[in-house]
Amino acid sequence: SYAALTHMVAHVCGLDVGTLTISFGDLHLYNNHKDQMARQVIREPYPLPTLRITKDTDNIDEFTMDDFVLENYQYHPGIKGQVAV
């Protein structure tokens with residue numbers, strides 16, 4: 001959602017999108033998810049998709065879901081795991 005918001009702000013301001021850097025302060029892994037994480041980290045990432053905004057507006061409040069197109073999005077099959085409670 002932050003990446004989409006970054007694109008929206010850049011679009012209405014007439015700017016190019018730069019790099020979005022996120023830092024996690026409290027990221028943790030449950031014991032019953034170790035196998036799933038091991039599978040996740042060995043996967044080769046796909047090329048990043050492109051978010052294209054089709055509406056020409058300078059008002060961020062005018063966007064709807066129909067104004068966004070995600071191009072060349074590839075993904076790996078899901079990795080199932082138990083919900084940690």
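**Exercise 1. The salt bridge of Asp67 and Lys55**

Find where the side chains of Asp67 and Lys55 meet, and decide how far each of the two residues is covered.

Solution. Begin with the contact itself: the side chains of Asp67 and Lys55 meet in a salt bridge, with 3.7 Å from N to O, where a salt bridge is a side-chain nitrogen of Lys or Arg within 4 Å of a carboxyl oxygen of Asp or Glu. This is a predicted model, in which local features need pLDDT of at least 70 and side-chain atom pairs count only at pLDDT 80 or more, while totals for chains, interfaces and linings use all residues. Residues are numbered from 1 along each chain as its sequence is written, and side-chain values use heavy atoms, with hydrogens and water left out.

Next, place the partners: Asp67 and Lys55 are both in the loop between β1 and β2, 12 residues apart, the strands (E, at least two residues) and helices (H or I, at least four) being DSSP runs numbered from the N terminus.

Last, compare the cover. Asp67 counts as buried because its relative accessibility is 8%, whereas Lys55, at 25%, is partly exposed; buried means under 20% relative accessible area, exposed over 50%, and partly exposed in between, with a 1.4 Å probe and protein chains only.

**Exercise 2. The salt bridge of Glu71 and Arg52**

Count the salt bridges, and then describe the one that Glu71 forms.

Solution. The rule gives 2 salt bridges. Glu71 forms one with Arg52, and the closest N and O atoms are 2.8 Å apart. Since Glu71 lies in strand β2 and Arg52 in strand β1, the pair ties together parts that are 19 residues apart in sequence. To finish, read the accessibility of each partner: Glu71 is partly exposed at 28%, and Arg52 is partly exposed at 39%.

**Exercise 3. The largest pocket**

Which residues line the largest pocket, and which element gives the most to the lining?

Solution. First settle the term: on a 1 Å grid over the protein atoms alone, a pocket is an open set of points where a 1.4 Å probe fits, with protein on both sides within 12 Å along at least five of seven lines, and lining residues have an atom within 4 Å of a point.

The largest pocket holds about 280 Å³ of space, and its lining is made of Ser1, Ala3, Ala4, His7, Leu48, Pro49, Thr50, Leu51 and Leu70. The elements that give two or more residues to this lining are α1 and β1 (50-53), and α1 gives the most, with 3 residues. Sorted by kind, the lining has 6 nonpolar residues, 3 polar and no charged; Ala, Val, Leu, Ile, Met, Phe, Trp, Tyr, Cys and Pro count as nonpolar, Asp, Glu, Lys and Arg as charged, and the others, Gly among them, as polar.

Then take one of the lining residues, Pro49, which is in the loop between α2 and β1 and is partly exposed, with a relative accessible area of 32%. The C-alpha atoms of Pro49 and Glu71 are separated by 5.6 Å, although their positions lie 22 residues apart along the chain by the count of residues apart.

**Exercise 4. The nonpolar patch**

Which residues form a nonpolar patch on the surface, and where in the chain is Phe24 placed?

Solution. The patch is formed by Tyr2, Leu5, Val9, Leu20, Ile22, Phe24, Leu27 and Ile60, with about 820 Å² of accessible area together. Patches are made of residues with over 30% relative accessible area and no salt bridge, nonpolar side chains (Val, Leu, Ile, Met, Phe, Trp, Tyr) being joined within 5 Å and like charges within 9 Å, and the areas come from the Shrake-Rupley method with a 1.4 Å probe, for which only the protein chains shown count as cover of residues.

Phe24 is in the loop between α1 (2-13) and α2 (34-42), and is exposed at 61%. Leu5 lies in helix α1 and is partly exposed at 40%. The C-alpha atoms of Leu5 and Ile60, 55 residues apart along the chain, are separated by 9.3 Å.

**Exercise 5. The phi of Asn72**

What is the phi of Asn72, and is Asn72 buried or exposed?

Solution. Most residues other than glycine have a negative phi. Asn72, which is not a glycine, has a positive phi of about 60°. Asn72 is found in the segment after β2 (68-71), and its relative accessible area of 62% makes it exposed.

Methods
Grid points are joined across faces, edges and corners, and a volume is the space filled by probe spheres set on the points.
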